[in-house]
Number of protein chains: 2
Amino acid sequence: MPSPVLISLDAMGGDHGPPVVVGGIAEYRKRHGGDGVRFLLNGDEAAIRAEITRCGLPDDLFEVRHTDKVVSMDEKPATAMRRGKGSSLWNAIEAVKTGEAAAVVSAGNTGALMAISKLILRMSAPGLERPAIVASWPTKRGVTAVLDVGANVESDAAQLVEFAIMGEAFMTAVHGVARPTVGVLNVGSEDMKGHEEVREAARLLREGGLGLSYHGFVEGDDIAKGTVDVVVTDGFTGNIALKTAEGVAKFIGGLTRDALTSSLLAKAGAALAYAALKRMSARIDPNAINGGPLLGLNGIVVKSHGGATPDGFGAAIRIAVDLARSDYMTKVGAKLQRLTTVLEQPPAPDADTAKESSQ
Amino acid sequence: MPSPVLISLDAMGGDHGPPVVVGGIAEYRKRHGGDGVRFLLNGDEAAIRAEITRCGLPDDLFEVRHTDKVVSMDEKPATAMRRGKGSSLWNAIEAVKTGEAAAVVSAGNTGALMAISKLILRMSAPGLERPAIVASWPTKRGVTAVLDVGANVESDAAQLVEFAIMGEAFMTAVHGVARPTVGVLNVGSEDMKGHEEVREAARLLREGGLGLSYHGFVEGDDIAKGTVDVVVTDGFTGNIALKTAEGVAKFIGGLTRDALTSSLLAKAGAALAYAALKRMSARIDPNAINGGPLLGLNGIVVKSHGGATPDGFGAAIRIAVDLARSDYMTKVGAKLQRLTTVLEQPPAPDADTAKESSQ
């Protein structure tokens with residue numbers, strides 16, 4: 001049996017609170033059995049106990065830490081930091097800080113989760129202003145990690161390289177890819193394309209001796225193709241790419257549904273093809289890939305979508321468990337250390353810099 | 001009958017040259033009849049004449065300007081500018097400069113088209129380094145114009161406002177929207193979200209008195225929802241959003257095809273639903289929305305996809321004709337003029353600047 005591990009959960013987070021959080025544990029156990037994972041549930045004890053009973057889960061699977069205090073879904077991050085102490089979200093993260101729990105999962109307010117995680121756990125990557133969020137993106141070849149998808153609005157070259165380091169370790173820990181390939185998102189694949197930040201990040205990834213399997217620049221359509229395992233981008237572009245893709249997937253899904261219910265003939269066709277269409281939509285089901293780790297913190301924090309189903313919340317728990325049981329933290333720590341050394345060295349003279357210095 | 005108009009075409013551009021260009025004219029005429037549009041074809045006269053005969057088109061529809069010289073699809077923009085004079089691409093654009101033709105369409109090398117258009121026609125918007133490319137994006141509610149999707153890697157606030165002005169006039173001229181709404185692409189809809197450039201652009205659009213119907217910030221998923229008629233973004237983000245969306249659409253299309261051919265039952269279902277599925281895919285067919293104008297030039301230049309079908313090339317011709325017959329150029333000119341005035345004025349003191357100046 002794998003090593004025992006305690007996962008801390010914000011039981012009050014998300015649009016539904018305890019029913020989805022405890023229901024998520026039930027779903028997790030359906031898939032992964034009694035694999036030595038126990039849970040610390042933070043929130044309203046009565047509501048939590050009621051859900052544990054409803055789901056028929058064994059009591060010794062849980063510790064429950066009662067609090068009445070909840071950070072609401074629309075609380076501003078600054079307010080949450082000032083007034084959030086003692087809330088279910090705060091306590092859930094604190095259990096990681098003290099070492100009691102190996103990771104935390106919350107479906108709560110993203111801004112508050114980010115701000116309080118940063119306050120309590122601190123950043124492990126020196127250049128990062130905010131944790132990076134990684135999306136597990138379904139592709140033709142499986143799953144690609146895309147980061148940052150929302151936290152860091154502007155990212156310099158060093159941050160982009162930090163994302164590469166974290167994304168690589170994430171793909172190994174969570175998706176079992178032995179030697180993930182890394183690409184930098186750009187408007188073309190040629191070396192001279194894009195702005196200064198992406199070009200400098202590419203140089204560092206190519207020459208920095210960070211031991212990453214760097215592929216080169218990739219374009220937007222390379223994400224769904226699965227050209228690389230890790231796609232690195234600033235949080236502004238990443239967030240827009242992710243939401244644009246979600247919008248397009250929903251739009252096409254809606255068109256397909258409309259088409260397949262537009263006539264009796266089409267409905268009959270859809271009925272015949274039902275099993276095949278269902279298998280297909282499972283491949284791009286947002287719940288199956290729910291769970292975006294906040295990377296770059298001294299501790300494992302996983303954000304679940306606020307509107308996730310129990311099944312989706314279970315998927316987010318799985319990511320937290322995989323990260324907690326892997327050597328993710330030490331591996332990232334070592335590579336970030338190496339990056340710091342590289343950044344402190346003056347760049348090796350190459351054709352470009354030689355030309356500049358001779359002018 | 002609408003006013004006569006001459007459209008200049010680079011007959012050698014694209015992956016296929018004359019068969020698609022002349023074939024595109026045939027497709028255009030199938031849809032729009034003899035609507036007073038004539039064509040100036042630039043390129044290899046023998047090849048062009050052969051296609052005219054093959055398509056059974058009347059000779060008096062055309063002027064043919066022979067040249068042996070062609071800018072290849074992989075020529076670098078700088079080389080194309082130096083050596084491109086007298087090529088089919090160059091001559092096609094020059095006919096707009098001299099006033100002989102009302103617009104030019106090319107399926108050729110994008111970088112070369114952009115560079116030579118800029119060299120010959122010059123920019124009309126003072127802040128623009130390069131023409132902006134606008135994509136007509138199929139949405140739940142029809143079509144949304146997204147720009148810039150690729151030419152300007154970094155865009156300041158004034159450029160984003162120029163995109164708004166050009167996108168608005170484009171939606172009216174080409175898609176017949178009387179009073180298009182405009183949104184700025186961002187990572188959230190609240191005023192304080194995003195980086196300096198988008199926030200300042202939003203302020204100018206809100207307060208600049210440019211007579212635009214400004215909606216506010218929109219997010220990635222608002223594009224496919226059709227929340228606004230015009231989505232404004234820098235060329236880096238826009239290019240990545242567009243290609244990401246194309247990748248996702250292709251991926252889902254592939255999954256759907258796989259699902260509907262995965263078993264005999266599914267195949268039977270697909271056969272029954274065939275007509276409905278076909279109508280649906282027509283709505284997101286890239287050929288139906290082919291044709292991205294290069295905006296911001298003193299003249300109308302439309303880029304067709306290099307791999308477009310004759311049908312797709314015909315759609316690009318339609319865009320050129322609509323722009324040429326509208327008041328697009330004068331409308332944009334007047335608003336750009338007003339923007340220049342606004343930018344030269346010191347900003348009105350509001351709460352923020354008052355606070356800053358009192359410190």
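In this predicted model, the two copies meet through the same surface, because 100% of the interface residues of chain B are also interface residues in chain A. The contact draws 51 residues from chain A and 51 residues from chain B.

Allow me to describe the side contributed by chain B. Which elements give two or more residues to the side of chain B that touches chain A? They are four helices of chain B: α8, residues 220-225; α9, residues 235-260; α10, residues 264-272; and α11, residues 274-283. Of these, α9(B) provides the largest share, with 20 residues. Sorted by class, the side of chain B that touches chain A comprises 28 nonpolar residues, 13 polar residues and 10 charged residues.

I turn now to the symmetry. A turn of 180°, with a shift of 0.0 Å along the axis, lays chain B on chain A with an RMSD of 0.1 Å. The two copies are therefore related as by a two-fold rotation axis. Which residue of chain B comes closest to the rotation axis? That residue is B:G269, whose C-alpha lies 1.7 Å from the axis. B:G269 falls within the range 264-272, that of α10 of chain B.

Finally, I should like to consider one helix of chain A. Helix α12 of chain A runs over residues 310-325 and has 16 residues. From its first C-alpha to its last, this helix reaches 22 Å, close to the 22 Å expected at 1.5 Å a residue. How many of the 16 residues of α12(A) are buried? The number is 14, so α12(A) is largely enclosed by the rest of the structure.

Key:
Residues are numbered from 1 along each chain as its sequence is written. Chains are lettered from A and ligands numbered from 1 in the order in which they are written. This is a predicted model: local features need pLDDT of at least 70, side-chain atom pairs count only at pLDDT 80 or more; totals for chains, interfaces and linings use all residues. Two residues are in contact if their C-beta atoms, placed from the backbone, lie within 7 Å. Ala, Val, Leu, Ile, Met, Phe, Trp, Tyr, Cys and Pro count as nonpolar, Asp, Glu, Lys and Arg as charged, and the others, Gly among them, as polar. Copies are superposed by least squares on the C-alpha atoms of residues with pLDDT of at least 70 in both. The expected span of a helix is 1.5 Å times one less than its number of residues. A residue is buried if 20 or more other C-beta atoms lie within 10 Å of its own, exposed if 12 or fewer, and partly exposed in between; C-beta atoms are placed from the backbone.
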